[in-house]
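Let's take a walk through this model, stopping at the surface, the rings, the charges and a couple of backbone oddities. Have the viewer open as you read.

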Amino acid sequence: MFAIDLIGNAIPPLHTSDTVQKVMERMAEFKVSHMPIVNEEQFLGLISEDDLIEEPDYDTEIGALALSLVNPYVFSDQHIYDVIRMFHELQLSVVPVLDKKNNYLGVVSLNSMNEYFADLTSVSVPGGIIVLEISNRNNSLAHMAQIVESDNAQILSSYVRTFPDSTRMEVTLKINKLDISTIAATFLRYNYDIKATFNHYNERDNSMERYDSLMNYLNL
């Protein structure tokens, strides 16, 4: 997945001739705290809410303001993990995407990221969830998949959480089967430590709870 694949067309860029009033209205409309400023196709930078706080005249053009951020962006062919890193490190609400000629292509929003992770983790697909706590020396995903497939099931998604100053890690498996009791028993037989299991759906489905945990872990 590349950055260009997550660009949304809903958020139009600003121009240096736009006023502070217009910026504030746009931020409120799209529920973001940052907006890109573009001159034709040239990306000039992101303007943030903090850049507007001390400006008393709402008719001031934003080209006259000093921006607090230093042109953060990713290129269109960068991996989605680079986008996530920029969201996290700079606490952004949008990440601009440029082509190799530094032309502005659009922005990735947090909503786009949420939709991407919802698809990635298969939160809307019925199935069971097994959370394993394992040693980082015993982290063969191939072996875990073999255990799941031995019960005529498949892993829909998986993610790993590590812990500072620890050799343990948490592996969450989303499986395309609601009844995962046999699979869980097999994991126990192979001496895996099962931290939790979830095998309900609809209003009782814990997939969204696991998804929310992932979002909190990423600090997005």
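A patch here is built from residues with over 30% relative accessible area and no salt bridge, with nonpolar side chains joined within 5 Å. Keep in mind that this is a predicted model.

**A greasy spot on the surface**

With that in hand, look at Phe2, Ile4 and Leu105: together they make a nonpolar surface patch of about 260 Å². Leu105 belongs to strand β5, which covers residues 104-109. Its relative accessibility is 36%, so Leu105 counts as partly exposed.

**Rings**

How many aromatic pairs does a search of the whole structure find? The count is five. One of them joins Tyr73 and Phe75, an edge-to-face pair with 5.5 Å from centre to centre and 75° between the planes. Another is made by Tyr116 and Phe117, whose ring centres are 5.3 Å apart and whose planes meet at 70°, so this pair is edge-to-face as well.

The surroundings of these two pairs are worth a look. Tyr116 and Phe117 are both buried. Tyr73, on the other hand, is partly exposed because its relative accessibility is 30%, and Phe75 is partly exposed at 21%. For Phe75, the cut-off matters: buried means under 20% relative accessible area.

Tyr73 and Phe75 also have company. Ring pairs link them with Phe43 and Tyr104 into a cluster. Phe75 has a charged visitor too: the charged end of Lys100 sits over its ring, 4.6 Å from the centre.

**Charges that meet**

Lys100 leads nicely into the salt bridges, of which the structure holds eight. Three of them are set out here.

| Salt bridge | N to O distance |
|---|---|
| Asp18 and Lys22 | 3.2 Å |
| Lys100 and Asp77 | 3.6 Å |
| Asp193 and Arg168 | 4.0 Å |

Start with Asp18 and Lys22, whose side chains meet in a salt bridge. Is Asp18 buried or exposed? Asp18 has a relative accessible area of 8%, so it is buried. Its partner Lys22 comes out at 30% and is therefore partly exposed.

Next comes the bridge between Lys100 and Asp77. Lys100 is in the loop between β4 and β5, while Asp77 is in the loop between β3 (74-75) and α3, so the pair ties together parts that are 23 residues apart in sequence. Lys100 is exposed, with a relative accessible area of 59%, whereas Asp77 is partly exposed at 41%. So Lys100 does double duty in this model: its side chain meets Asp77 in a salt bridge, and its charged end sits over the ring of Phe75. Further along the chain, Asp193 bridges to Arg168, with the closest N and O atoms 4.0 Å apart. What does this pair tie together? Asp193 lies in strand β9 (residues 193-198) and Arg168 in strand β8 (residues 168-175), so the link ties parts that are 25 residues apart in sequence. Both ends are partly exposed: Asp193 has a relative accessibility of 38%, and Arg168 has 29%. Elsewhere, Asp82, Arg85 and Glu89 are joined into one network by salt bridges that share partners.

**Two residues with positive phi**

Now for the backbone. Lys31 has a phi near 55°, a positive value in a residue other than glycine. Lys31 is in the loop between α1 (20-30) and β1 (34-39). With a relative accessible area of 73%, Lys31 counts as exposed.

Gln91 has a positive phi too, about 55°, although it is not a glycine. Where is Gln91? Gln91 is placed in the loop between α3 (80-90) and β4 (94-98). At 53% relative accessibility, Gln91 is exposed.

**What the record adds**

Finally, a word from the annotation. UniProt, in an unreviewed entry, lists residues 7-62 as "domain: CBS". Over residues 7-62, the model has 27% helix and 23% strand. The C-alpha atoms at the two ends of that stretch are 24 Å apart.

Key. Residues are numbered from 1 along each chain as its sequence is written. This is a predicted model: local features need pLDDT of at least 70, side-chain atom pairs count only at pLDDT 80 or more; totals for chains, interfaces and linings use all residues. Side-chain values use heavy atoms; hydrogens and water are left out. Patches are made of residues with over 30% relative accessible area and no salt bridge: like charges are joined within 9 Å, nonpolar side chains (Val, Leu, Ile, Met, Phe, Trp, Tyr) within 5 Å. Accessible areas come from the Shrake-Rupley method with a 1.4 Å probe; for residues, only the protein chains shown count as cover. Helices (H or I, at least four residues) and strands (E, at least two) are DSSP runs, numbered from the N terminus. Buried means under 20% relative accessible area, exposed over 50%, partly exposed in between (1.4 Å probe, protein chains only). Rings of Phe, Tyr and Trp (its six-membered ring) pair if their centres lie within 6.5 Å; planes under 30 degrees apart count as stacked, over 60 as edge-to-face and the rest as tilted. A charge sits over a ring if NZ of Lys or CZ of Arg is within 6 Å of the ring centre and within 35 degrees of the ring normal. UniProt positions are given in the numbering used here, feature names are shortened, and annotations may be inferred rather than shown by experiment.
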